[in-house]
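Dear colleague,

I am passing on the structure we spoke about, with the sequence and coordinates placed just below. My notes on it follow, arranged by chain and then by residue.

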Amino acid sequence: MLRGISKSFDGAPVLRRITLDLHEGVVAILGPNGAGKTTLMRILATVLAPDEGALECNDLQGEAALAATRSQVGYLPQSLELPQHLTPRGLLSYVTSLKRLVVSDEAAMQLLAELGLETVANQPLGQLSDGQRRLAAVAQAFLGRPSLILLDEFSAGLDVAEREAVYRLINAVKPGSLVVVTSNLPAEVGKIAQTLVVLRDGELRFAGNAADLVRQAQGMVWEACLPENEANSTMERYRLSRLRQVNGGVSVRMVGAAPELADARPVEPTLEDAYLLLMGNALKR
Amino acid sequence: MNDESGQKYPAKPDDFPEMEAWERDMADVLKKSEPPPLAPEKMEALLATLRPMVAARREESTPNLSKTAGRMDFGEFIRLVRGQASLLERPFWMVMGLIMAGNLALLASNILQPLITTLFLALPLVGGISIVYSLHGSRGGMWEIEQASPAGLQRIFASRLTLMFVLQLLLALPVLVSYGAQAGVLVLARMVLAWLAPTVALSGMILFLFSYWGEWPSVGITVLVWGSLILFGASRAGFIGFAEMVLARIVFNPLLPLLAVLGLAAGLAFGALGLRRLASGRSSWS
């Protein structure tokens, strides 16, 4: 539970009075770069203290909340350079000592196997691909089956199969667990998250389920076919969510008020349309 | 949902009243009936099958909060120290091994034995630089995982310092034992002070400097300070065979106990300040 969290760096506000009630399930924090996602994750992970507001955990506050959070958190920071000489197995062994747990070698190997790392479990991380290193970093967050798992941009550098492996791991967390992921790709998190939290310029713009977010965009999404020579002017006037070459022109998908285009027709919004609409001009920066 | 014939399946369990009644009857029968007695060997086989499953489930269950949030016992601390050792890269172990081999080789050689004192005078510097090196593992975001862990940065730093202290002690031990055996306990005690105080003082200083300016400035300043002191002593000793003279002056200085206490206190104070700054996340690496 986050109550009225604010954070500034060198006087520049990064988070403004964020209040969130997070219980269980998969929560995705969405927002463009610089929206405050990573700062919020670092506060949730107790790595960073907020300037204002408080973090509560199991109705505990202050130091007790910090200790309670740390005893049940698995955390993947956004940028993590792992010691290159460690093996994935060695990394899990090291993190086991940090988490003060007793995790058998079989359980650690099982975790690596779930992420497809069993064949490279004893190879130094420096010899692995970026994706495999990221997966090893993901694995350490799931070590000991924590009940609070924080994954900051977990999919960075992962290919489709590797992402699917992480999705499976997320879906298999024990009941009552809370998984918080950050992303700036709504289509990705739409597959796994029950709750979406959208940040923009450090402010909370939406918190709820994907269907509610999509509903907000009802009647605000349009498609039209245009001659190729009109595409550029349309891109400047309207916020496009998709642009595709079709026979003899371009098909455009727009979000916002009804466009002044002859054959524009309303269409069912997707999560990406709704996100684009909510972000307004923030994504154009 | 439709099957191939187009017939619509009932969608809810309520649409099967007969089935519900049958399930209720079956449940009543099962509740009333007693399970047949199981032969001991079958019971044992069943338990043998179930035990690993129960153990695996237990392992997967929520970590014990009271354990992970409470005091750390000695065994856990040793595991933490072992974890820190795994972060040290091969070149570090090679350098430590070389120093140790050099130590032993010089002690074994009658001709080169005087050089051992030069090595001994360099050990506090090796100790300080090792401390900075041991912080390598926390770079690149690892410190975030460490800080978010139940162990916490302070315990992790404590385990790192413990590991480094033990390694430095191992490096100094051959010389201390050798000289102690030759010159007696009093000289041994003075030599321990002559090694321990500068090691702690330089380690504290380097930690403090590291917390503000990072690796190279902290190492550079520490090398400069200790190097200048040794050169000063060497210049007074006339440079030839200076190490033995310097060491003798340190060990037999009447003010050694007082200077050692001051060195230890300053090292611990600077070290504590540096560690506090590192643990608060306001340091140069974060």
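To begin with chain A, 54% of its 285 residues count as buried. Please keep in mind throughout that this is a predicted model. The secondary structure of chain A consists of ten helices and 13 strands, and its C-alpha atoms fill a box of roughly 65 × 45 × 35 Å along the principal axes. When the contacts of chain A between residues at least 6 apart in sequence are taken together, 68% of them join residues at least 24 apart. The accessible surface of this chain comes to about 12400 Å², and carbon and sulfur atoms hold 48% of that area. Chain A carries 28 positive and 32 negative charges, whose mean positions lie 2 Å apart.

Chain B is built from helices, twelve in number, with zero strands. Of its 286 residues, 37% are buried, and the accessible surface is about 16900 Å², with 69% of it belonging to carbon and sulfur atoms. Among the contacts in chain B with a separation of 6 or more, 73% come from residues 24 or more positions apart.

The two chains meet in a contact that takes 34 residues from chain A and 37 residues from chain B. Together they bury about 3000 Å², of which 58% is on carbon and sulfur atoms. On the side of chain A, the residues that lose the most area to chain B are Tyr94(A), Leu98(A) and Arg100(A), which together make up 28% of what that side buries.

Turning to the interior, the largest nonpolar core has 73 residues, and those with the most contacts inside it include Leu40(A), Leu44(A) and Val180(A) from chain A as well as Phe120(B) and Met191(B) from chain B. A separate core of 65 residues lies apart from it, with Val95(A), Leu169(A), Val221(A) and Val255(A) among its members. For Val180(A), once residues up to four places away in sequence are set aside, the residues touched are Leu22(A), Val27(A), Ile29(A), Met41(A), Leu44(A), Ile149(A), Leu150(A) and Leu151(A).

Two of those partners, Met41(A) and Leu44(A), are also among the buried residues of helix α1 of chain A. This helix, residues 37-44, is mostly covered, with seven of its eight residues buried; besides nonpolar side chains, the buried set includes Lys37(A), Thr39(A) and Arg42(A). Just after α1(A), Thr46(A) takes a positive phi of about 70°.

Which residues does Glu188(A) contact beyond its neighbours within four places in sequence? They are Phe154(A), Ser155(A), Arg163(A), Tyr167(A) and Ser183(A). Glu188(A) sits in helix α7 of chain A, residues 186-190, and it counts as buried because its relative accessible area is 5%, where the cut-off for buried is under 20%. Its partner Ser155(A) is 33 residues away in sequence, with 9.1 Å between the two C-alpha atoms.

Some backbone angles may merit a look in your own viewer. Most residues other than glycine have a negative phi. Arg17(A), however, has a phi near 40°, a positive value in a residue that is not glycine; Arg17(A) belongs to strand β2 of chain A, residues 12-20, and is exposed, with a relative accessible area of 63%. Asp201(A) likewise has a positive phi, of about 50°, although it is not a glycine. The place of Asp201(A) is the loop between β8 (195-200) and β9 (203-208) of chain A, and at 33% relative accessibility Asp201(A) is partly exposed.

Finally, Leu243(A) lies in strand β11 of chain A, residues 239-246. With a relative accessible area of 42%, Leu243(A) is partly exposed, and, neighbours within four places in sequence left aside, it is in contact with Met235(A), Ser251(A) and Val252(A). The C-alpha atom of Leu243(A) is separated by 52 Å from that of Arg100(A), 143 residues apart along the chain, and Arg100(A) is one of the three residues of chain A that lose the most area to chain B.

With best regards

Key:
Residues numbered from 1 in each chain as written. Chains lettered and ligands numbered in written order. Predicted model: local features only at pLDDT ≥ 70, side-chain atom pairs only at ≥ 80, totals over all residues. Heavy atoms only, no water. Core = buried A, V, L, I, M, F, W, Y, C linked by side-chain atoms within 4.5 Å. Buried < 20%, exposed > 50% of the residue type's maximum accessible area, 1.4 Å probe, protein only. Contact = heavy atoms within 4.5 Å. Helix = DSSP H or I, 4+ residues; strand = E, 2+ residues; numbered from the N terminus. Areas by Shrake-Rupley, 256 points an atom, 1.4 Å probe, with all protein chains shown as cover. Lys, Arg positive; Asp, Glu negative; His and termini not counted. Charge placed at Lys NZ, Arg CZ, Asp CG, Glu CD. Buried area = accessible area lost by both parts, 1.4 Å probe.
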